[in-house]
Amino acid sequence: MLKKHNIDILSILGENDAFTEGHFELPCGLHIQSYIETDAVMQYPGIASRIAASLADLFDKEIDVVLAPTAENSILAQEVAKIKKARSVFAVYDNGVMKLKGLMNIKPEEKVLIVDNVTMKGRKIKEAIALVKMLNAQAIGVAVIVDRSNCGALGNVPLRSLLSYPLDTYEPANCPMCKAGIKLVKKGGKL
């Protein structure tokens, strides 16, 4: 049975200035009006461990490995792994291809929980799932702090979040912030 830690992630993000309003361009070229930077809260170990406990609670299955799709999420993955009594690994991009960092490994048949901070389009999570499958392991789920995609699942892999915060995106030609002359800021990595 799933335990539930009482955590108000929206308040935690707000209190730590993790929300930025303005005019932002995502790597895919779309424009958005609000950006969430979870790094603002991950710098505080007490908050990071509370968030990790809530993420760990999203899946009651036993796992062997927690995978962070990027090094920037390795702190979060380690905290979740500590709670789940699992190993923690993270991926990097080598010539545009996701692979595990250095000597980190995922063995065939291992059960893997993918942990990420924010998902918008699910691109890096889909790459992480493909990496797990390529290594003949089993992706049992994806746990994210904030789901801005509203996708709920990626194939047969469930996606669960602490906060669902849908995202309005705009093509540059139809962007109301562009039309209003608001300065454009480029943001983010793989989404």
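**Figure 1. Charged side chains spread through a predicted model.** The chain carries 24 positive and 21 negative side chains, and the centres of these two sets lie 4 Å apart. Keep in mind as you look around that this is a predicted model. About 9800 Å² of the chain is exposed, and carbon and sulfur atoms supply 50% of that area.

**Figure 2. The whole chain, from its helices and strands to its overall dimensions.** Here you can pick out 6 helices and 10 strands. The radius of gyration is 17 Å, close to the 16 Å that the globule rule gives for 191 residues, so the chain is as compact as a globular protein of that length. Measuring along the principal axes, the C-alpha trace spans about 50 × 40 × 30 Å. How much of the chain is buried? Buried residues account for 47% of the 191. Take the contacts between residues at least 6 apart in sequence: 63% of them join residues at least 24 apart.

**Figure 3. An open sheet built from β2, β1 and β10.** Three strands line up in the order β2-β1-β10, and their pairing is mixed. Which strands stand at the edges? They are β2 (31-36) and β10 (185-186); each has a single partner strand, so one side of each is left without a neighbour in the sheet. Now look at β1, which covers residues 19-25 and runs parallel to β10, with 2 bridges joining the pair. To find one of the places where they meet, start at Phe24, whose bridge partner in β10 is Val185.

**Figure 4. Helix α4 and the elements it packs against.** Helix α4 takes in residues 74-84, and its buried residues are Ser74, Leu76, Ala77, Glu79, Val80, Ala81 and Lys84. What do these buried residues pack against? Their helix neighbours are α2 (39-42) and α3 (45-57), and their strand neighbours are β3 (65-68), β4 (87-94), β6 (111-119) and β7 (138-147). Follow the backbone just past the end of α4 and you reach Lys85, which takes a positive phi of about 55°.

**Figure 5. Strand β7 beside its parallel partner β6.** Is β7 mostly enclosed or open? In this strand 9 of the 10 residues are buried, so β7 is largely enclosed by the rest of the structure. Strands β6 and β7 run parallel, and 8 bridges join them. A handy pair to look for is Val112 and its bridge partner in β7, Ala139. Both strands also appeared in the previous view, among the elements that the buried residues of α4 pack against.

Definitions and conventions. Residues numbered from 1 in each chain as written. Predicted model: local features only at pLDDT ≥ 70, side-chain atom pairs only at ≥ 80, totals over all residues. Heavy atoms only, no water. Helix = DSSP H or I, 4+ residues; strand = E, 2+ residues; numbered from the N terminus. Rg over C-alpha atoms; globule rule 2.2 N^0.38 Å. Buried < 20%, exposed > 50% of the residue type's maximum accessible area, 1.4 Å probe, protein only. Contact = heavy atoms within 4.5 Å. Areas by Shrake-Rupley, 256 points an atom, 1.4 Å probe, with all protein chains shown as cover. Lys, Arg positive; Asp, Glu negative; His and termini not counted. Charge placed at Lys NZ, Arg CZ, Asp CG, Glu CD. Pairing = 2+ DSSP bridges.
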